[in-house]
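Subject: Structure handover

Hello,

Please find the structure below, followed by notes on what was found in it.

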Amino acid sequence: MAKLEVIEGDITVLAVDAIVNAANSGLLGGGGVDGAIHRAAGPALLEECRRVAAARQNVPGGPCPAGDAVITGPGLLPCKQVIHTVGPVWHGGGRGESGLLASCYRKSLLLAEKAALESIAFPNISTGVYGYPRDKAAGTAVTAVRETLEQTPGIRRVIFVCFDRENYELYRRILPA
Ligand code: AR6
C-alpha cells in the first residue's frame, strides 16, 4: 500500500513523478495553483495544454469537464509529468460535487498508474476559487485516494500539499504523522 503524506508548501517545487494541477475546463491556465504551475513551468506547458485542449474540443463540458483529468509533460518544473484535473465549483453540495471531486483524485491516480509513475502530489482541489468547504473536501479526497490505491499497485507515494494552514491542520487530523 502506498504511503500517504501531508506537507505544507508550494507544489511547484516538488521533484516527484507527478504533480496535479487544479485546472479549469479550458485547460489554458488561470489563477491559484494553476497560475503558479504555469508561471513556474513556462510557455512549453501552455503550448502542450493548447494541443491537448484542441484535441478535446468535442468533449462535452470540455476540453476537460469537471471530474476529468489529462496528463502533460512538466515544462520547466522539476516533476516528470503534470496531471491537470478540474474540480467542481461548490454550489452547496446538491449538484454532485462530492462525486466529481472524488473523480478528480481517482482519475488522476489512474492516469499516473497508466504512465508508470510512482509518486504523485495533489493540491487541495476546489478549495480555493471554486469554494469547496475545506473540511468536506479533505475527507472526500482522502477517501477517494485510499479507495483508488487498491487498483493502482504501482503508486508508492501520495502527497497532499497544503498551501494554507487550515488545510494543513485538517489533513493532519485525518492523517496523523
Ligand atoms: N501550491 C500548492 N497549493 C496551492 C498553490 C501552490 N503553489 N497555490 C494555491 N494553492 P485554487 P480551485 C492552493 O483556487 O479552487 C484557477 O484559476 C489553494 O490554497 O488554485 O480548484 C483555475 O484555473 C487552494 O487550497 O483552485 C480554475 O479556474 C488550492 O490550491 C480555478 O482556479 C486550490 O485553489 C480552480 O479553483
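Throughout, buried means under 20% relative accessible area, exposed means over 50%, and partly exposed covers the range in between, with a 1.4 Å probe and protein chains only. The model is predicted, so local features need pLDDT of at least 70 and side-chain atom pairs count only at pLDDT 80 or more, while totals for chains, interfaces and linings use all residues. Residues are numbered from 1 along each chain as its sequence is written, and side-chain values use heavy atoms, leaving out hydrogens and water.

Aromatic pairs

Rings of Phe, Tyr and Trp (its six-membered ring) pair if their centres lie within 6.5 Å; planes under 30 degrees apart are stacked, over 60 edge-to-face, and the rest tilted. On that basis the whole structure has 4 aromatic pairs. One of them is Phe 122 with Phe 160, which is stacked because the ring centres are 6.4 Å apart and the planes stand at 25°. Helices (H or I, at least four residues) and strands (E, at least two) are DSSP runs numbered from the N terminus. Phe 122 is in strand S5 (residues 119–122) and Phe 160 in strand S6 (residues 157–162), so the pair links distant parts of the chain, 38 residues apart. Phe 122 has a relative accessible area of 0% and is buried; Phe 160 is buried too, at 0%. Both belong to one aromatic cluster with Tyr 105 and Tyr 171.

Helix H2

Helix H2 (residues 43–55) has 13 residues, and the expected span is 1.5 Å times one less than the number of residues. That gives 18 Å, which agrees with the 19 Å between its end C-alpha atoms. Leu 45, Cys 49, Val 52 and Ala 53 are the buried residues of H2. They line one face of the helix, because seen down the axis they fall within an arc of 100° (taken from the directions from the axis to the C-beta atoms). These buried residues pack against helix H1 (32–41), strand S3 (69–72) and strand S4 (81–86), where contact means heavy atoms within 4.5 Å. On the face turned away from the buried side are the exposed residues Pro 43, Arg 51, Ala 54 and Ala 55.

Strand S2

In strand S2 (residues 18–23), 5 of the 6 residues are buried. Two strands pair if DSSP finds at least two bridges between them. S2 pairs with S4 in the parallel sense over 6 bridges, and with S5, also parallel, over 2 bridges. Ile 19 has Val 82 as its bridge partner in S4 and stands opposite Ala 121 in S5.

Salt bridges

A salt bridge here is a side-chain nitrogen of Lys or Arg within 4 Å of a carboxyl oxygen of Asp or Glu. The whole structure has 10, including these:

- Glu 8 and Arg 165, at 2.8 Å, N to O. Glu 8 is in strand S1 (residues 3–8) and Arg 165 in helix H5 (residues 165–174), so the pair ties together parts 157 residues apart in sequence. Glu 8 is partly exposed at 36%, as is Arg 165 at 47%.
- Asp 17 and Lys 80, with the closest N and O atoms 3.0 Å apart. Asp 17 is in the loop between S1 and S2 and Lys 80 in the loop between S3 and S4, so parts 63 residues apart are tied together. Asp 17 is buried at 11%, whereas Lys 80 is exposed at 56%.

Regards
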